[in-house]
Amino acid sequence: MKILVTDGNSRPALAICRSLGRKGYKVIVGHSAAYSLASASKYCSEKCIYPDPATQPEEFIHFICDYIEYKKIDILFPVTDITTLPLAENIKLLPSHCVLPFADFDSVKRAADKVGIIKLAQSLGVDVPESQVISSVVDFDVTNTNFEYPVVIKPAKSRVMTDTGWLYTSVTYADSADDLTNQLNELDSRVFPVLIQERIHGPGLGIFMCYQHGKPVAAFSHKRIREKPPSGGVSVLRESIDLDPVALDYSERLLNELNWHGVAMVEFKVDMRDSSPKLMEINGRFWGSLQLAIDSGVDFPALLAQSVHSDIQPDYTYKSGVLSRWFWGDFDALLLRMIKNKNALQLPPDSPGKLSYFVDFIKLWRAGQHYEVLRISDIKPWLFETYQWLKSNIKRVLSRHVQ
């Protein structure tokens, strides 16, 4: 069976490639450049180069359809938002023999809308941070915002399709009313509506699920130990934990309402004030820390491939206490923590000091720890990533020196 995996330079694509390749599937890795992280794996049987979906979305769709027909691809696994959303929207264009085992476009689109998900969560009794929706800068009155600062500024969508390609957005923090006003004024008008939320202090908690046509069949959870940037972002060190019954219940309420199919990540912050999980967002696709779930015993890529041709019996068991470390991401976070102070990084006062952070970082080996990319049995992706990291950072240093 042939499976095409997109977004080959992403870590989840590598995890998918390794998982399915070990199980005997023929994995073809697609990317917009000749070389990528996943295509460096020994489990990649073939690679293809497609038009960049970020700047050429229509050309990307046509290429994928033609390539699927030419190579007789059985299953298509998109990985990031910029491939998942357009492929789900244009699923009718795909050759009939190829299966895209994801939710329909309307469900995927709803899941990607942070404003809509917050409103849906409130209607379902799911706890969320105190939130205010800003439709445009013109409609915004800072005197109507009663949150304590800092507040979170969160565009409704992580990626916004425009006439010239995808517009990337990010979550930021405002320390004062003036800062909030200035940041909103600097935003591209196309990213609105925007959520203004109270900042929840506490560890990040993820619930990861696989659904088969509206029925949950697998679940997994981890907590974030370190992130990049340290104030909150991509997890770089995380640990598998037992399923939190409240967060699991919230996740199932949301995904059931969306009539979900395929994989999804429901992200929470555990509020230190009352220890309750507060919904952050839903990612209706594979997630960055996918390898940890596989290492802990929940092979989501294999389950998703299996769901195409057979029924899956629900199984929520896995091993807790497994650690996964993305080394170069962790190193980036270390540099930020060493160079900048807590105020500059917008960290809470009780966060670890620089010395404690550094001492914990240099613990290269711990019981139950796996490195996400570095695998001795499949070393080339690690070498490729290391080369890319060095190249990027040397270039950045040289550009600053020239300036």
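This is a short dialogue on reading cavities and one buried residue in a predicted model.

Biologist: What kind of model is this, and how are residues numbered?

Modeller: The model is predicted: local features need pLDDT of at least 70, side-chain atom pairs count only at pLDDT 80 or more, and totals for chains, interfaces and linings use all residues. Residues are numbered from 1 along each chain as its sequence is written, and side-chain values use heavy atoms, without hydrogens and water.

Biologist: How many cavities of 30 Å³ or more does the structure hold?

Modeller: Rolling a probe the size of a water molecule over the atoms shows where empty space is left. A cavity is a set of points, on a 1 Å grid over the protein atoms alone, where a 1.4 Å probe fits but cannot get out; lining residues have an atom within 4 Å of a point. Volume is the space filled by probe spheres set on the points, which are joined across faces, edges and corners. The structure holds 2 cavities of 30 Å³ or more. The largest has about 150 Å³ of space. Of its 14 lining residues, Asp 81, Leu 85, Ala 112, Ile 282 and Asn 283 are the closest to its centre.

Biologist: Which residues line the second largest cavity?

Modeller: Its space is about 40 Å³. Its lining includes Trp 326, Glu 372, Val 373 and Glu 385.

Biologist: Is Arg 11 buried or exposed?

Modeller: Buried means under 20% relative accessible area, exposed over 50%, partly exposed in between (1.4 Å probe, protein chains only). Arg 11 is buried, at 13%. Leaving aside neighbours within four places in sequence, its contacts (heavy atoms within 4.5 Å) include Trp 326, Glu 372, Val 373 and Glu 385.

Note on methods
On a 1 Å grid over the protein atoms alone, a cavity is a set of points where a 1.4 Å probe fits but cannot get out, and a pocket is an open set with protein on both sides within 12 Å along at least five of seven lines; lining residues have an atom within 4 Å of a point.
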